[in-house]
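Subject: Model for you to look at

Dear colleague,

I am handing over the structure we spoke about, and I would be glad if you could open it before reading on. My notes on what was found follow below it.

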Number of protein chains: 2
Amino acid sequence: MLVNVTKDSLVNALQHVLKAISVNSPMPILAGINIQANANGLIFTASNTSMTIQYRIPQDNSSMTVQRTGGIVVPARYFNEIIRKLNAGLVTFEMNENLILTITSENSQIRLCGMDSADFPSIHFSDHHSSNKIQINNALLKSAIKQVAIAASTSETRPVLTGVSFEFNGASLNLVATDGIRLASRTLHIGKSANTSTNVIIPGRNLFEVHKMLSDEDDITEIEVGTNQIRFITNELQVQSALIEGVYPSIQNVIPQSYLSEVTVETSSLLHAVERVAILAGESIIRLVATTHKLDLLSRTAEIGDVQDEVPLTEMIGEDFIISLNGKFFIDILRCMDNEYVRLRFTGKASPIVILPADARLSTLFLITPVRTHN
Amino acid sequence: MLVNVTKDSLVNALQHVLKAISVNSPMPILAGINIQANANGLIFTASNTSMTIQYRIPQDNSSMTVQRTGGIVVPARYFNEIIRKLNAGLVTFEMNENLILTITSENSQIRLCGMDSADFPSIHFSDHHSSNKIQINNALLKSAIKQVAIAASTSETRPVLTGVSFEFNGASLNLVATDGIRLASRTLHIGKSANTSTNVIIPGRNLFEVHKMLSDEDDITEIEVGTNQIRFITNELQVQSALIEGVYPSIQNVIPQSYLSEVTVETSSLLHAVERVAILAGESIIRLVATTHKLDLLSRTAEIGDVQDEVPLTEMIGEDFIISLNGKFFIDILRCMDNEYVRLRFTGKASPIVILPADARLSTLFLITPVRTHN
């Protein structure tokens, strides 16, 4: 291997692939980054057992040139620290001796012991040809993942609930996540439909990393679904995630079809009020009291104090209501609402409260199961 | 108590005093902030057993008005979170019921249970009248603390070494710290001299907090030395620190009075080279090799790799030399050098290397004891 590449390109590539490095991997080679220099460019791959990230620096005449092809796996932590500390400008990678990468930049020369690339797990699908492919705008996918993945469970008690359900259905993609107390769902309309309808469960944590990497919002991501893998491809970045085996619970009967009252409030005012009330919310429980013109928010922590806050209502349909719910869950939802106004639908004291963007064209829907209180 | 005060003033005051809050204080009242509203203003005080910080918001007609005096100690963590989450603008503090502070801002009302101010430790000196006072420019004090405090020990084996020695001597103030391997010292010339010469040892950690709080560099800090306390006063801020009992070791015989070689190099080039070399420095040991025109830097970590770097010399006096030392300690020193060029004085293979700013008018001096190596 003999490659010239700018420090900036390297830093950018590393930022992406490092997300897949786990510090305590059972396989030593997975603490490394696989570097391949070939006709396609300079390709960096990192993987934990659940997610593989690949980033390619294409060959051009200024920021990267491959003079001699080759490959090596280098320890991610040391490699990253070294690249970051180099002076700006051109860096040379050379592999002459067996499995030693020599990194040269100005007066600095680093020799890093590596491992054989052949031992690094491959990112490729085994069932590449039979897979479904759809294309989706990055901004849309990013926003949908951000909204839905927050409701995925962090407890391993029911593994399917740690995932986000992706249901490809003709020209639409439905995303759903729930941890049993809260639920988030969103439907995206996709231009070109997948051939068959498919339902897969993607680990919420991996999806959250994908959402952070979708930097260019005007771009397109191609999603490719295999039997036990899903792949996201945008520009020079590819992220492959394992799928969670199992059947995702049906949410048809969980979402209330009617409601007793609906209030509309400004999202940011409500968010700030909930954030204040949550500070003194014992066991995270806050109480909402909706009357004709205002929504009162209340909390207390024994021996510390209490908070009262109020938000004016833009609109109210139906009767006054009182409901207690988890304030942290409510904050998570309001923070990713992406709409200036929000609607709260009261469906009964023991049924979930439905939280929606006020703009009826948006398909986002959140539920929180209320907390039963004694007063 | 009845006070009107802007959120911004409160956030600023809290930023300062929170540094003295320790999460696991043995005295519950020290998890609180003492708030006093009186003719002097609105005064916030926080303390751990070693350091007390007081910040005063003076009374004016816009950002703060005391309508009724009073005092209360409120839980720091909750109080801080609440103030930060309030909307911008005027906040009202009212204490009607016994030991409950009512905080009102727009539609938000928070009632916070407090403790009796009378139980809060006082910041005042017992020996106020007999204390020595000196005045010093903030930028100068900030830079001196930053340079010297890095060399204080973090191990409690010899408590005096966890402190920084402040020696007031006529018109000068000498700061010294050492952990046995490295040493930092600086002499500041102060306009008005203290009446008597005094030598005190201030906990390095407290001094480091003081340095971070000296924000306005054109301002003056008054330092007041008591029998077992020292106080730093600048504008509306007062920081009082306990002194460490004991006698600071004499450094007269530690600082080499002559040298065999001296090299001058650009500080930032050397810093960046040492940062790169330190990445692969096993047990943090890096090797310096000075020859006529360049300083070579070398390190290796078994089974990982090695680094070679070089920095051109601006000047060299004396013979070539080779020395091994702790790269982390060297980085700490170079980062706070505050001079474009740095001089390294080689005083022998087993004697400390002396590191100085190239500008001979600066009184800063660092030492690092070399590491003995077998090759």
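Before the annotation itself, a word on how to read it: UniProt positions are given in the numbering used here, with feature names shortened, and an annotation may be inferred rather than shown by experiment. With that in mind, UniProt lists residues 3-123 of chain A, in an unreviewed entry, as "domain: DNA polymerase III beta sliding clamp N-terminal". Please also keep in mind throughout that this is a predicted model.

In that annotated span, 17% is helix and 44% is strand, and the C-alpha atoms at the ends of residues 3-123 of chain A lie 23 Å apart. Helix α1 of chain A, which runs over residues 7-17, is mostly covered, since 8 of its 11 residues are buried; among them are L10(A), V11(A), L14(A) and V17(A), but also K7(A) and H16(A).

Taken as a whole, chain A has 6 helices and 26 strands, and its C-alpha atoms fill a box of roughly 75 × 50 × 35 Å along the principal axes. Of the 375 residues in chain A, 54% count as buried, and of the contacts in chain A between residues at least 6 apart in sequence, 66% join residues that are at least 24 apart.

The part that may interest you at the bench is where the two chains meet. The size of an interface is often given as the accessible area lost when the parts come together. Here chain B and chain A bury about 2,700 Å² between them, with 51% of that on carbon and sulfur atoms. On the chain B side, K85(B), R276(B) and I279(B) lose the most area to chain A, and together they account for 24% of what that side buries. The contact draws 27 residues from chain B and 27 residues from chain A.

As for polar interactions, the rule finds 4 salt bridges across the interface of chain B and chain A, and the side chains of K85(A) and E275(B) meet in a salt bridge at 3.7 Å, N to O. Across that interface there are also 14 residue pairs in polar contact, both residues being at pLDDT 80 or more. In chain B, the elements α2 (76-85), β9 (108-113), α5 (267-279) and β21 (305-312) each supply at least two residues of the side that touches chain A, and the residues of that side divide into 10 nonpolar, 7 polar and 10 charged.

With best wishes

Definitions and conventions
Residues are numbered from 1 along each chain as its sequence is written. Chains are lettered from A and ligands numbered from 1 in the order in which they are written. This is a predicted model: local features need pLDDT of at least 70, side-chain atom pairs count only at pLDDT 80 or more; totals for chains, interfaces and linings use all residues. Side-chain values use heavy atoms; hydrogens and water are left out. Helices (H or I, at least four residues) and strands (E, at least two) are DSSP runs, numbered from the N terminus. Buried means under 20% relative accessible area, exposed over 50%, partly exposed in between (1.4 Å probe, protein chains only). Contact means heavy atoms within 4.5 Å. Buried area is the accessible area (1.4 Å probe) that two parts lose on being put together, summed over both. A polar contact is a pair of N or O atoms within 3.5 Å; within protein, one must be able to donate a hydrogen and the other to accept it, and residues adjacent in sequence count only if both atoms are side-chain atoms. Ala, Val, Leu, Ile, Met, Phe, Trp, Tyr, Cys and Pro count as nonpolar, Asp, Glu, Lys and Arg as charged, and the others, Gly among them, as polar.
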